[in-house]
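Let's explore how strands and helices fit together, one question at a time. Have the sequence and the 3D view ready as you read.

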Amino acid sequence: MQSITEIKSLRSQIKAWRQAGLSVALVPTMGNLHQGHFSLVEKAKTMADKVVVSIFVNPMQFGANEDLDSYPRTLNEDKQGLADLSTDIVFTPSVDTIYPNGLGEQSFVDVPGVSMGYCGGTRPGHFKGVATVVTKLFNLVQPDYACFGEKDFQQLQVIKTMVRDLSIPVEIVGVPTMREVSGLAMSSRNGYLSAEQKATATALFKTLNSCAEQIKAGNTDYKALEQSAQLSLEQAGLKPDYFEIAQRDTLKAATLDDTQLVILAAAFLGNVRLIDNLQVEI
């Protein structure tokens, strides 16, 4: 596995692969890798000849009061895990490499519509930061494929929309959420939780499942279902951020005519913000 930090070296290797007729897949991450991330790498390896994994804690997608400084960084362990999977390149640029003129003078990419509401509503500017750094990574790596986890479902839809709108020649691949035995969606932020909090956090997935089962059973009173779910989360000891039933592709509020749905949820447990979702077909 090659460990690359500079753009020139990355582009040189990508050029050599292209000249050899090899396909390339990209897995963008912020590090602190877990089995969920590794499942993206494994998927990427089935789709392309070469796999690039980027590790970059992107300051543009963090708000003023969010956990940028304390975000877990485990680069040595991450590299070992990627090497064990025979990853071809791990790209670990510095902030100055990605944003040489600073964030204040950086051009950015904004994806309207699908980025509004949900995490975009409670984290202003978050998806502008995501779209911008992913666009830069696409320009640097020029991959044929890029793999993203379905746990961050709104992020996945933002990237898909951006690629379509800007005619970026990358196939976006969504990979199913990896879960702990308890059902809790794997996340780098789970490391902030105590054992007791982890047990409480399982209420998020249980509530999503309960809501999904009621929809499949024919309950289409979506507002009542959302309100009931939020109450269930509160009773379990979580502080709901949102719990909403939406049309899967547009993320607009679900109507009775929609058959492809996604239930999107976020809740706080102490200072830790948990997100999860379930897709439902009716």
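Q: In which sense do strand 2 and strand 5 pair?
A: This is a predicted model. Find strand 2 at residues 24–29 and strand 5 at residues 145–149. Two bridges join them, and the pairing is parallel.

Q: Which residue in strand 5 is the bridge partner of Leu26?
A: Start from the pair you have just met: strand 2 covers residues 24–29, and its partner here is strand 5. Looking across from Leu26 into strand 5, you reach its bridge partner, Ala146.

Q: What is the order of the strands in the open sheet of six strands?
A: The pairing in this sheet is parallel. Its edges are strand 1 (2–4) and strand 6 (171–175), each pairing on one side only. Reading across from strand 1, the order is 1-4-3-2-5-6.

Q: At about what angle does helix 6 run to strand 2?
A: Helix 6 spans residues 126–141. This helix lies across strand 2, strand 3, strand 4, strand 5 and strand 6. Relative to strand 2, helix 6 runs at about 150 degrees.

Q: How many bridges join strand 8 to strand 9?
A: Now move to the open sheet of three strands, ordered 7-8-9 with antiparallel pairing. Strand 8 takes up residues 260–269 and runs antiparallel to strand 9. One bridge pairing links Val262 with Gln279 in strand 9. The number of bridges joining strand 8 to strand 9 is ten.

Q: Which strands does helix 9 touch?
A: Helix 9, residues 222–236, packs on the three-stranded sheet. Its direction makes about 155 degrees with that of strand 7. The strands touched by helix 9 are strand 7 and strand 8.

Notes: Residues numbered from 1 in each chain as written. Predicted model: local features only at pLDDT ≥ 70, side-chain atom pairs only at ≥ 80, totals over all residues. Heavy atoms only, no water. Pairing = 2+ DSSP bridges. Helix = DSSP H or I, 4+ residues; strand = E, 2+ residues; numbered from the N terminus. Contact = heavy atoms within 4.5 Å. Axes fitted to C-alpha atoms, helices over the stretch in contact; angles between N-to-C directions.
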